[in-house]
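Biologist: I'm new to this one, so could you take me through a single part of it up close? I'd like to hear about the helix in the middle of things and whatever it packs against.

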Amino acid sequence: MARITPQMRALYEMCAIALVEGRADLDGADDVGFDIDMPLFTVGRAAQIADIHPQTLRQYDRLGLITPRRTGGGARRYSLRDIQRLTRAQQLSQDDGVNLAGVARILDLEEENRQLRRQVKQLREPADASIFAADADGGIMQVKRSQRARMWRRDIHGDARALPSSGADAQRSTSRSVVLWGYR
């Protein structure tokens with residue numbers, strides 16, 4: 001599991017508290033850069049944030065309702081997504097009287113709905129609005145392209161297409177284009 005700074009941990013805790021209090025949602029947390037699936041909170045801390053007894057968290061795990069990630073030693077670690085699911089599970093079972101099988105189904109459908117909303121949002125963005133890059137773990141992540149990057153890309157393509165008239169200019173232009181594209 002990745003080690004994070006105390007400041008970053010405090011930010012994640014504030015985000016988790018905002019999720020519990022209904023002042024934030026997972027999409028918003030994801031949009032501003034939180035890794036909503038990072039296993040961070042211990043059973044005790046997750047229970048404290050979500051105002052749920054720690055034994056309830058363990059019971060939810062045994063039933064497969066909320067399955068936190070595990071450390072190498074087997075300790076449970078809860079993510080922001082897990083905290084949100086815990087809060088919603090408690091709300092459905094305590095306030096709405098839904099049984100745990102119903103809670104599991106509702107949580108799964110709500111997550112599926114959230115994922116579909118995000119896909120629709122991405123499909124509505126212009127085709128060149130994002131690029132793909134490798135993250136620190138080697139996974140692929142989508143990054144929004146800024147206006148500056150679009151202008152830079154347009155300028156590169158403009159330079160690469162322009163052919164100079166004299167031989168010396170052609171050599172300079174060709175080597176410049178090759179450097180811009182990363183080949184040498």
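Modeller: Let's start with helices α3 (residues 43-50) and α4 (residues 54-63), whose axes come within 8 Å and cross at roughly 110°. That makes α3 roughly perpendicular to α4, a label for angles of 65 to 115 degrees. Axes here are lines fitted to C-alpha atoms over the stretch in contact, with angles from 0 to 180 degrees between N-to-C directions, and helices are DSSP runs (H or I) of at least four residues. By the way, this is a predicted model, where local features need pLDDT of at least 70 and side-chain atom pairs count only at 80 or more, while totals for chains, interfaces and linings use all residues. Residues are numbered from 1 along each chain as its sequence is written, and side-chain values use heavy atoms, leaving out hydrogens and water.

On the α3 side, Val43, Ala46 and Ala47 make the contact (heavy atoms within 4.5 Å), and α4 brings Pro54, Leu57 and Arg58. By class, that's 5 nonpolar, no polar and 1 charged; Ala, Val, Leu, Ile, Met, Phe, Trp, Tyr, Cys and Pro count as nonpolar, Asp, Glu, Lys and Arg as charged, and the others, Gly among them, as polar.

Helix α3 also meets α1 (residues 6-21): their axes come within 9 Å and cross at roughly 45°, which makes α1 oblique to α3, meaning 35 to 65 or 115 to 145 degrees. Here Glu13, Ala16, Ile17 and Val20 of α1 touch Arg45, Ile49 and Ala50 of α3. This contact divides into 5 nonpolar, no polar and 2 charged residues.

Methods. Helices (H or I, at least four residues) and strands (E, at least two) are DSSP runs, numbered from the N terminus.
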